[in-house]
Structure formats: structure tokens, C-alpha cells
Amino acid sequence: MTFNDDARLDTSQIRGGGPGGAARGLMIGGGGVGSLLLIGLFLLFGGRLGELTGGTQEASPFDTTQVRQGGSYHADLSARCRTGADANAYDDCRVVGTVNSVQQYWARQLPAQADRQYQPAYTTLYQGSASSACGTASNQTGPFYCPADKGIYIDASFFSLLSSRYGADGASLAQMYVVAHEYGHAIQDQLGLLSRAQQDRQGASSAAVRTELMADCLAGMWVKDATTTTDTQGVTLIRPLTQQDIASALSAAEAVGDDHIQASAGMRVNPEQFTHGTSAQRQQWFLTGYRYGDINRCNTFNVRGL
């Protein structure tokens with residue numbers, strides 16, 4: 001997925017990190033950086049390193065930590081990220097463009113499909129660490145949505161690692177998809193569904209798995225119509241998708257399935273420890289959103305069998 005070079009970016013939807021107080025909420029979809037592509041993709045899509053290594057300190061993506069320090073990203077983001085060409089060239093600008101597209105999409109679709117107005121959610125781009133109402137944002141927590149302050153937190157250096165080590169094409173798709181996934185959590189929050197993730201946090205049919213699969217589906221909805229979003233001048237933001245784009249998305253979804261991750265780490269596949277769903281489920285729910293573009297079809301909490 002690439003941007004039209006002459007599209008204009010709106011950096012007013014992006015904030016820089018800063019200091020704050022103690023943690024008051026739960027992170028949804030946090031994850032850190034791994035040294036292997038498999039681990040990197042798994043964590044990018046909301047896993048935590050403890051889930052791979054068997055550690056107990058970060059065994060769940062819903063852990064809360066104390067805020068310690070904050071840091072800002074590019075102070076000149078508005079000067080750095082002006083056009084779609086910048087979004088194609090720089091990771092932080094790509095996040096800006098994706099946020100612009102995703103928010104415009106949901107501003108149209110949430111009233112049309114759920115009869116409620118979309119409440120914009122700011123994305124905080126930071127470097128190193130930043131504070132949120134849910135705890136410290138860092139590469140160890142990865143991209144996440146914080147329901148306590150209605151914000152998405154992303155360290156763009158996390159994406160730089162994927163770009164430099166694993167190739168720009170795959171990384172750019174992963175970046176855009178993970179931003180859409182985190183905004184999927186914002187939509188769940190606005191629909192009153194996100195709190196269900198706290199009911200049971202592990203298991204093949206757990207609320208945690210249903211929460212993540214629904215966010216995958218909502219991201220697929222955006223991907224379906226991403227090319228219909230425009231800048232403030234009416235210029236289309238994103239170029240038409242290719243079959244390679246979709247194939248890459250499905251490949252990424254397969255790589256981050258709980259079963260695939262456990263098996264690739266030399267672990268026994270244990271559905272009782274699932275927190276995000278199997279490879280087949282993540283592919284299925286992404287495609288459900290992509291094919292139908294229907295928020296009701298994405299409501300995994302209304303499905304008996306996943």
C-alpha cells in the first residue's frame with residue numbers, strides 16, 4: 001500500500017510524547033521488538049515477549065506498568081511530513097498518512113453503520129518512551145490503544161527496525177495495518193465492547209482473542225476502502241491496492257497466529273494460552289472485514305464459534 005505523492009498530510013492528528021502520572025488503565029494490543037522477523041511481526045500485532053519465552057512478567061498484553069519518563073518525537077513533524085511522497089519515504093510520515101486515512105474512514109462509517117458519531121483519537125508518536133494513562137509507552141510495550149485517555153501510542157523507531165532489517169515493502173504494509181488495528185480498538189471502545197477484553201484474557205474463545213480478531217476485522221474494513229479516503233483538498237490519499245498487497249496482509253496474519261508463534265518457538269500449541277487467535281482465524285477475520293465492509297459482521301462477540 002502506497003500513498004499518492006501529491007496528497008497532503010495532516011499532522012494535527014499526531015501528538016508528541018510527554019511526562020505524566022501513574023498508570024490508571026489497561027493497554028490494549030501492546031507488544032515489543034524481537035530479533036527475528038517472526039517475533040517482530042508477532043509483537044507488532046499485539047503480542048508480548050513473555051508469551052513467546054514463557055516468562056511471567058509480561059505474559060499478557062493487558063499488563064499495566066508505572067509511568068516513568070516521557071520523550072518527544074520530531075518537533076518539526078509538520079515540516080517533515082507534508083505529502084504522500086513523504087509518507088512513502090519515512091516511517092513517521094507513513095503513520096501520519098495512515099492515521100489521516102483511518103480516521104476519515106471511520107468518521108464516515110461509524111455513523112452510517114452504528115448510528116453514532118466517531119470520536120477522533122489522537123496518535124502519539126514518540127522516541128524512546130512516553131507516558132500514557134495506561135502506563136509507559138516504549139518499544140517493550142509496542143503500539144497500543146489506551147482506553148483511559150482514548151489515544152494510540154506508537155514509537156516509530158519500532159517500524160524503522162522492520163524497514164531496515166526486513167525490507168521496506170513488507171514493513172510499510174505492516175505499519176499501515178497495525179495502525180488500523182489499533183484504531184480498531186478505538187472503535188471497539190466507542191461501541192462499548194472493549195471492556196469485555198478484561199473478562200477473560202486467555203483461551204481459544206476468550207474475550208481477549210475475540211477483541212483482537214475483531215480489531216483485525218475492522219482493519220480489514222479500512223483496507224477495503226482505504227483508496228476512497230482523501231486529503232483536505234479532495235486528493236486521494238492511497239493508491240489502488242494490488243493482489244500482492246492482499247497476499248502480504250494474509251501472510252502477515254498467518255505469521256502472527258498464536259498457534260504458529262508457539263510452534264515456531266518450539267513450544268507445544270496450547271489453545272488455553274491463546275490471546276490473539278490462530279493464523280487461520282486472523283486471516284479469516286481480516287478477510288471478513290475486507291470482503292464485506294460490514295461492522296456487524298466484525299462483531300466477534302456475537303459469534304459462538306470463532
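**View 1. Helix 5, end to end.** Helix 5 runs for 24 residues and spans 32 Å from first C-alpha to last, close to the 34 Å expected at 1.5 Å a residue (expected span: 1.5 Å times one less than the number of residues; helices are DSSP runs of H or I, at least four residues, and strands are E runs of at least two, numbered from the N terminus). This is a predicted model, so local features need pLDDT of at least 70 and side-chain atom pairs pLDDT 80 or more, while totals for chains, interfaces and linings use all residues. Residues count from 1 along each chain as its sequence is written, and side-chain values use heavy atoms, without hydrogens or water. Of the 24 residues in helix 5, 17 are buried (under 20% relative accessible area; exposed is over 50%, partly exposed in between; 1.4 Å probe, protein chains only). Right after helix 5 comes Asp-115, with a positive phi near 55°.

**View 2. A salt bridge inside helix 5.** Asp-91 pairs with Arg-94, closest N and O atoms 3.0 Å apart (salt bridge: a side-chain nitrogen of Lys or Arg within 4 Å of a carboxyl oxygen of Asp or Glu). The two sit about one helical turn apart, because they are three residues apart in helix 5. Both are buried.

**View 3. Lys-150 meets Asp-189.** Here the N to O distance is 2.9 Å. Lys-150 is in the loop between strands 5 and 6 and Asp-189 is in helix 7, so this salt bridge ties together parts 39 residues apart in sequence. Lys-150 is partly exposed at 44% relative accessibility, whereas Asp-189 is buried at 19%.

**View 4. Arg-282 and Asp-216.** This salt bridge has its closest N and O atoms 2.7 Å apart. It links helix 11 to helix 8, across 66 residues.
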